[in-house]
Amino acid sequence: MSHEPAEWDVQETLIARLRSEAAVRDEELAALYERLDAAEHELEDLRAIRDALTPPELPQRPGLELAAIFLPAQAERVSGDFYLVAEGPQDSTLLVIGDVVGHGLQAGRRAAFVRTTFAATAPFSDDPRQLLSWANTALVERAGTSTDFVTAACVTYHPNDRVLRCAYAGHPRAVWMQDGQELAAPSQGSPLGLEPDPDYTQGSHRLEGSAGLLLYTDGLTEARRDDSFFGMEGVSAALRALDDPSPTEAIAVLRARVADFAYGTLTDDLCMLAARVR
């Protein structure tokens, strides 16, 4: 009695199963390629946002020497850190540094929106309180109040009368490069996007001679070594050791000091923007 038909059925069943498994694998592979392609596009978006938030080139502004740096804690990660140097009315200059809660594409886009708002409103006012208020209104109107808030330090400089004005929205205060002392305002305002109508106050300083200031994100003071932080003590000590530093020199020294303190590994992204009045 022949067994050929039964053997043929077994072979057909095996071939059909192999074809079915191959088709499943092809679908899984196609889905994997699709996810990889989407991830690559998102990575390109993240890189573009990061480059826009922290451009390597700064504009030249009357009476100011400028320098800036952005140090990511992870090479491909995008955070909400940003800085801006923009032209204000009557040759004044706007300096802003900010930080959005969180990381990734959403934080980067939120930071890009706030930075763009500052850039768009800078030509209309050299009052840092007004600029912060406009940025807060734009953010609340766009996304409502949220705990995904944005902190910002806003400084304007008018070369005609050599007046420096500052206001803060929940952000670390700028410091004088000569001694690391804070550039104070009467009060610390609320972060942007946290409430609809915050009250911002400003500090005003008329400069007689050369002076420099440093704006930064908390990645500087919160750099860690074991259970210790670099802190304002580290910032002040580094700046006091310098003799009337240029913005480039101050940033380079702080970068080296904080990297040494943290054993070369930052736990948070770090932005610094420095300016010296000539």
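1. Let's start with a loop: Asp226 sits between strand 9 (224-225) and strand 10 (228-229). Please keep in mind that this is a predicted model. The phi of Asp226 is near 55°, which is a positive value in a residue other than glycine. Asp226 also counts as exposed, at 57% relative accessibility. For background, most residues other than glycine have a negative phi.

2. Where else does a positive phi turn up? Gln90 has one too, of about 55°, although Gln90 is not a glycine. Its place is the loop between strand 2 (82-87) and strand 3 (93-100). With a relative accessible area of 61%, Gln90 is exposed. If you are looking at the model for the first time, these two loops are worth a visit: one holds Asp226, the other Gln90.

3. Now step back to the whole chain. The secondary structure comes to 5 helices and 11 strands. Of the 278 residues in the protein chain, 46% count as buried. Among contacts with a separation of 6 or more, 71% are between residues 24 or more positions apart.

4. How do helix 2 and helix 3 cross? The axes of helix 2 (residues 105-121) and helix 3 (residues 128-143) come within 9 Å and cross at roughly 135°. That makes helix 2 oblique to helix 3. The cut-off matters here, because an angle must be over 145 degrees to count as roughly antiparallel. As for handedness, helix 2 passes helix 3 in a right-handed crossing.

5. Which residues bring these two helices together? From helix 2 come Arg110, Phe113, Val114, Thr117, Phe118 and Thr121, and they meet Leu131, Leu132, Trp134, Ala135, Ala138, Leu139, Arg142 and Ala143 of helix 3. Sorted by class, the contact of helix 2 with helix 3 has 10 nonpolar, 2 polar and 2 charged residues.

6. Staying in helix 2, have a look at Gly108, which is placed there. Is Gly108 buried or exposed? Gly108 is buried, with a relative accessible area of 0%. The C-alpha atom of Gly108 is separated by 8.9 Å from that of Phe82, although the two residues are 26 residues apart along the chain.

7. Helix 4 (residues 231-240) offers another spot to inspect, Ser236. Ser236 counts as buried, at 8% relative accessibility. Leaving aside residues up to four places away in sequence, Ser236 touches Asp179 and Gly180. Ser236 and Gln178 are 58 residues apart in sequence, with their C-alpha atoms 9.0 Å apart in space.

8. A last point concerns the cysteines. How many disulfides does the structure hold? The structure holds 0 disulfides. A disulfide is a covalent bond between the sulfur atoms of two cysteines. Why is Cys154 not bonded to Cys166? The sulfur of Cys166 is the closest cysteine sulfur to that of Cys154, yet the two are 9.3 Å apart, which is too far for a bond. For comparison, the cut-off for a disulfide is a pair of sulfur atoms within 2.5 Å. Cys154 is buried, with a relative accessible area of 0%. Cys271 is likewise buried, with a relative accessible area of 0%.

Terms used:
Residues are numbered from 1 along each chain as its sequence is written. This is a predicted model: local features need pLDDT of at least 70, side-chain atom pairs count only at pLDDT 80 or more; totals for chains, interfaces and linings use all residues. Side-chain values use heavy atoms; hydrogens and water are left out. Axes are lines fitted to C-alpha atoms, for helices over the stretch in contact, and angles run from 0 to 180 degrees between N-to-C directions. Helices (H or I, at least four residues) and strands (E, at least two) are DSSP runs, numbered from the N terminus. Angles under 35 degrees count as roughly parallel, over 145 as roughly antiparallel, 65 to 115 as roughly perpendicular and the rest as oblique. A crossing is left-handed if the near helix is turned anticlockwise from the far one by less than a right angle, and right-handed if clockwise. Contact means heavy atoms within 4.5 Å. Ala, Val, Leu, Ile, Met, Phe, Trp, Tyr, Cys and Pro count as nonpolar, Asp, Glu, Lys and Arg as charged, and the others, Gly among them, as polar. Buried means under 20% relative accessible area, exposed over 50%, partly exposed in between (1.4 Å probe, protein chains only).
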